[in-house]
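Me: I would like a close look at one part of this model, the sheet with its surroundings, taken residue by residue where possible. Please include the side-chain pairs and backbone details that go with it.

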Amino acid sequence: MRFEGSTDYVATPDLMLAVNAAITLQRPLLVKGEPGTGKTMLAETVAEALGLPLLQWHIKSTTKAQQGLYEYDAVSRLRDSQLGGEHGSRVHDISNYIVKGVLWQAFSAETPTVILIDEIDKADIEFPNDLLRELDRMEFYVYETRELVKAKHRPIVFITSNNEKELPDAFLRRCFFHYIKFPDKETMQSIIDVHFPGLKKTLIREALEVFFELRDIPGLKKKPSTSELLDWLKLLVAEDIPPEALRAKDQKAAIPPLHGALLKNEQDVHLFERLVFMARQNR
């Protein structure tokens with residue numbers, strides 16, 4: 001299996017190389033990068049391109065590694081035992097109360113699968129270490145049913161991180177790592193062409209100029225991302241905003257129209273307004 005890109009996702013050559021390296025090594029691909037650079041979409045795109053089912057596990061601060069394997073629903077078993085009758089007959093088979101997690105589903109699948117473990121850095125610091133053995137050996141033991149679950153096929157595992165926490169060295173050793181760089185103008189143009197084919201070149205050119213100028217502002221609390229640029233373009237098209245409106249000469253029009261798609265807090269809006277005013281005063 002080799003990933004050769006997709007018509008719906010602009011993958012740079014080094015990103016495709018990283019995906020195929022992880023597949024060859026049979027190791028998880030750990031993907032980092034700014035929010036909005038397509039980390040989550042990468043797993044979806046690879047699964048679609050290779051014709052494999054995708055299993056997604058979106059991590060929260062309360063997520064435990066055990067949930068990826070299975071969970072024993074003791075509360076339901078207790079309730080059924082109290083209800084008796086048809087419900088009570090299920091109580092004797094503990095497997096009725098075992099809820100399979102994403103890894104168990106992937107391990108027992110009849111065909112290879114793609115697993116997305118999204119935003120692993122949101123979980124407890126012990127979370128990655130708790131997954132080490134299962135991801136490395138592709139098996140785990142179910143103590144309640146005394147069953148050893150082994151993977152029929154080794155899944156392709158994608159793990160994303162936003163760098164909120166440092167990941168343990170032992171975990172990093174078992175992954176192939178790739179950092180998705182923020183797209184340059186040429187790559188961004190290709191991304192826009194995928195999402196908005198036929199969009200006026202003048203509008204794209206002006207929008208990209210404004211977008212990258214915003215990202216270059218020193219002290220910006222949150223830089224606009226690729227997904228936010230696409231949202232902004234969608235709004236510009238929907239509202240039929242002409243390209244020249246993005247470069248308004250009016251002193252009162254300090255920020256671009258529909259800027260709420262790009263600037264997400266008041267400090268950044270005030271900072272941009274200040275810089276634009278100072279630049280115009282110095283002309």
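Reply: A residue is called exposed when its relative accessible area is over 50%, buried when that value is under 20%, and partly exposed in between. Lysine 201, at 52%, therefore counts as exposed. Its side chain meets that of aspartate 193 in a salt bridge, with an N to O distance of 3.8 Å. Aspartate 193 is partly exposed, at 31%. The model is a predicted one, and the same terms are used below for the sheet.

Five strands form an open sheet in the order 2-5-8-1-9, with parallel pairing. Strand 2 (54–58) and strand 9 are the edge strands; each has a single partner, so one side of each has no neighbour in the sheet. On average, neighbouring strands are turned by 20° against each other, direction ignored.

At the strand 2 edge, strand 2 pairs with strand 5 in the parallel sense over five bridges. Within this pair, leucine 54 stands opposite valine 114 of strand 5.

Helix 1 (residues 13–25) packs on the sheet and touches strand 1, strand 8 and strand 9. The direction of helix 1 makes about 165° with that of strand 9. One residue of helix 1 is asparagine 20, which is buried at 6% relative accessibility. Apart from neighbours within four places in sequence, asparagine 20 is in contact with Met1, Arg2 and Phe3.

Strand 1 (residues 29–33) sits between strand 8 and strand 9 in the strand order. With strand 8 (residues 156–161) strand 1 pairs in the parallel sense over four bridges, and with strand 9 (residues 176–180) it runs parallel over five bridges. Valine 31 has a partner on each side: threonine 160 is its bridge partner in strand 8, and histidine 178 stands opposite it in strand 9.

How many residues of strand 1 are buried? Five of its five are, and the strand is mostly covered. In a regular strand, side chains alternate between the two faces of the sheet. In strand 1, Leu29, Val31 and Gly33 point one way, while Leu30 and Lys32 point the other way. Both sets are buried, the lysine included.

Strand 5 (114–118) leads into a loop that runs to helix 7 (127–137) and holds glutamate 119. Most residues other than glycine have a negative phi. Glutamate 119 is not a glycine, yet its phi is positive, about 60°. At 21% relative accessible area, this residue is partly exposed because the buried class ends under 20%.

The buried residues of helix 7 are Phe127, Pro128, Leu131, Leu132, Glu134 and Leu135. Methionine 138 follows helix 7 and has a positive phi near 60°. Another positive phi, about 55°, belongs to arginine 146, which is not a glycine either. Arginine 146 lies in the loop between strand 6 (139–142) and strand 7, and is exposed at 71% relative accessibility.

Charged pairs occur in this stretch as well. Side chains of opposite charge can pair when their charged atoms come close. The structure holds eleven salt bridges. Arginine 137 and glutamate 139 are joined by one of 3.4 Å, N to O. Arginine 137 is partly exposed, at 48%, whereas glutamate 139 is buried, at 12%. Together with Arg133, these two residues are linked in a network of salt bridges.

A further salt bridge links glutamate 228 to lysine 222, with the closest N and O atoms 2.9 Å apart. Is glutamate 228 buried or exposed? Its relative accessibility is 7%, so it counts as buried, while lysine 222 is partly exposed at 31%.

The surface also carries a nonpolar patch, formed by Tyr141, Tyr143 and Leu148, with about 350 Å² of accessible area together. Leucine 148 lies in strand 7 (residues 147–150) and is partly exposed, with a relative accessible area of 44%.

Methods. Residues are numbered from 1 along each chain as its sequence is written. This is a predicted model: local features need pLDDT of at least 70, side-chain atom pairs count only at pLDDT 80 or more; totals for chains, interfaces and linings use all residues. Side-chain values use heavy atoms; hydrogens and water are left out. Patches are made of residues with over 30% relative accessible area and no salt bridge: like charges are joined within 9 Å, nonpolar side chains (Val, Leu, Ile, Met, Phe, Trp, Tyr) within 5 Å. Accessible areas come from the Shrake-Rupley method with a 1.4 Å probe; for residues, only the protein chains shown count as cover. A salt bridge is a side-chain nitrogen of Lys or Arg within 4 Å of a carboxyl oxygen of Asp or Glu. Helices (H or I, at least four residues) and strands (E, at least two) are DSSP runs, numbered from the N terminus. Buried means under 20% relative accessible area, exposed over 50%, partly exposed in between (1.4 Å probe, protein chains only). Two strands pair if DSSP finds at least two bridges between them. Axes are lines fitted to C-alpha atoms, for helices over the stretch in contact, and angles run from 0 to 180 degrees between N-to-C directions. Contact means heavy atoms within 4.5 Å.
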